[in-house]
Amino acid sequence: MKFIFAALLAIMASIGSAECPDNPPITQALNKAYTDLKFAKFSAEAQVVTDELWRLWTQAPDGEAQRLLNSGMLRIRQGDLRAAQEQLSDLIAYCPNYAEGYNQRAFARYLAFDFEKALPDLARTLAIQPRHLGALSGKGLTHLALGQEALAKIEFRKVLALNPFTPDQDLIQDLGTDL
């Protein structure tokens with residue numbers, strides 16, 4: 001019995017001290033997707049590429065990280081923003097170099113009208129994945145919510161440069177024509 005208890009403690013300790021593995025090797029696929037997006041001729045074509053980008057961004061480093069991400073995203077869809085933030089904070093603590101944890105927590109914070117806390121998460125997302133369309137758009141939307149139209153316009157221009165079919169161009173008057 002003591003052996004079983006000791007073995008269980010050892011297993012629990014190893015689980016609790018597990019480190020997040022490296023992020024999945026998606027750089028080449030991201031580069032291809034961004035190139036495809038840049039040369040898309042129709043909005044439907046751009047949407048297919050954008051869906052592929054989301055598939056790549058939400059590919060977590062391992063099963064535990066994927067479980068935490070999926071759980072956090074489910075909580076967002078269910079409207080349980082507090083639980084979502086907790087799950088995503090756990091993901092960030094486990095995988096501090098995985099961009100989507102920060103991006104999804106920023107989204108939960110944005111939906112909870114906690115705009116000031118969303119901005120650092122978006123900045124961290126972009127430090128890891130500088131061309132993350134969701135984070136760029138989210139940062140623009142957050143700046144708009146804070147009444148910072150000039151800062152929002154900067155972010156939306158970055159999105160537009162990556163995705164000429166972005167719906168964000170409708171958020172600020174003359175965004176697509178004053179470049």
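How do the residues of the lining of the second largest pocket divide into nonpolar, polar and charged? They split into nine nonpolar, five polar and one charged. That pocket belongs to a predicted model of a chain with nine helices and zero strands. Here is a short tour of the fold, its confidence, its two pockets and three individual residues.

**Overall fold**
- Following the sequence from start to end, you will meet the pattern α-α-α-α-α-α-α-α-α, in keeping with the count of nine helices and zero strands.
- The chain has 179 residues, and 41% of them count as buried.
- If you take the contacts between residues at least 6 apart in sequence, 51% of these join residues at least 24 apart.
- The chain exposes an accessible surface of about 10,300 Å², and carbon and sulfur atoms account for 58% of that area.

**Confidence**
- The average pLDDT of the chain is 89, with 86% of the residues scoring at least 70.
- One stretch to treat separately is residues 5-17, where the pLDDT is below 50. Beyond near neighbours in sequence, residues 5-17 make zero contacts in the model.

**The largest pocket**
- The largest pocket has a volume of about 470 Å³.
- Its lining comes from helix 3 (43-57), helix 6 (99-111), helix 7 (115-128) and helix 8 (133-145), which are the elements giving two or more residues each.
- Helix 8 contributes the most to this lining, with six residues.
- In total 24 residues line the largest pocket, and those nearest its centre are W54, L133, G134, S137 and G138.
- Sorted by class, the lining of the largest pocket holds twelve nonpolar, eleven polar and one charged residues.

**The second largest pocket**
- Back to the pocket we opened with: the second largest pocket holds about 180 Å³ of space.
- Helix 2 (27-38), helix 3 and helix 6 are the elements that supply two or more residues to its lining.
- The second largest pocket is lined by 15 residues, and N23, P24, I26, L30 and Q129 lie nearest its centre.
- Helix 3 and helix 6 may catch your eye here, as they give two or more residues to the lining of the largest pocket and also to that of the second largest pocket.

**Residues worth a look**
- F113 sits in the loop between helix 6 and helix 7. Its phi is near 65 degrees, a positive value in a residue other than glycine.
- Is F113 buried or exposed? F113 counts as exposed because its relative accessible area is 66%, and the cut-off for exposed is over 50%.
- G101 lies in helix 6. With a relative accessible area of 0%, G101 is buried.
- Which residues does G101 touch, not counting residues up to four places away in sequence? They are L88, L91 and I92.
- G101 and Q66 are 35 residues apart along the chain, and 9.8 Å separates their C-alpha atoms.
- T166 is placed in the segment after helix 9 (149-162). Its relative accessible area is 4%, so T166 counts as buried, the cut-off being under 20%.
- Leaving aside residues up to four places away in sequence, T166 touches V159 and L160.

Key:
Residues numbered from 1 in each chain as written. Predicted model: local features only at pLDDT ≥ 70, side-chain atom pairs only at ≥ 80, totals over all residues. Heavy atoms only, no water. Helix = DSSP H or I, 4+ residues; strand = E, 2+ residues; numbered from the N terminus. Buried < 20%, exposed > 50% of the residue type's maximum accessible area, 1.4 Å probe, protein only. Contact = heavy atoms within 4.5 Å. Areas by Shrake-Rupley, 256 points an atom, 1.4 Å probe, with all protein chains shown as cover. 1 Å grid on protein atoms, 1.4 Å probe; cavity = no way out; pocket = protein on both sides within 12 Å on 5 of 7 lines; lining within 4 Å. Points joined across faces, edges and corners; volume = space filled by probe spheres on them. Nonpolar A, V, L, I, M, F, W, Y, C, P; charged D, E, K, R; others polar. pLDDT = per-residue confidence, 0-100.
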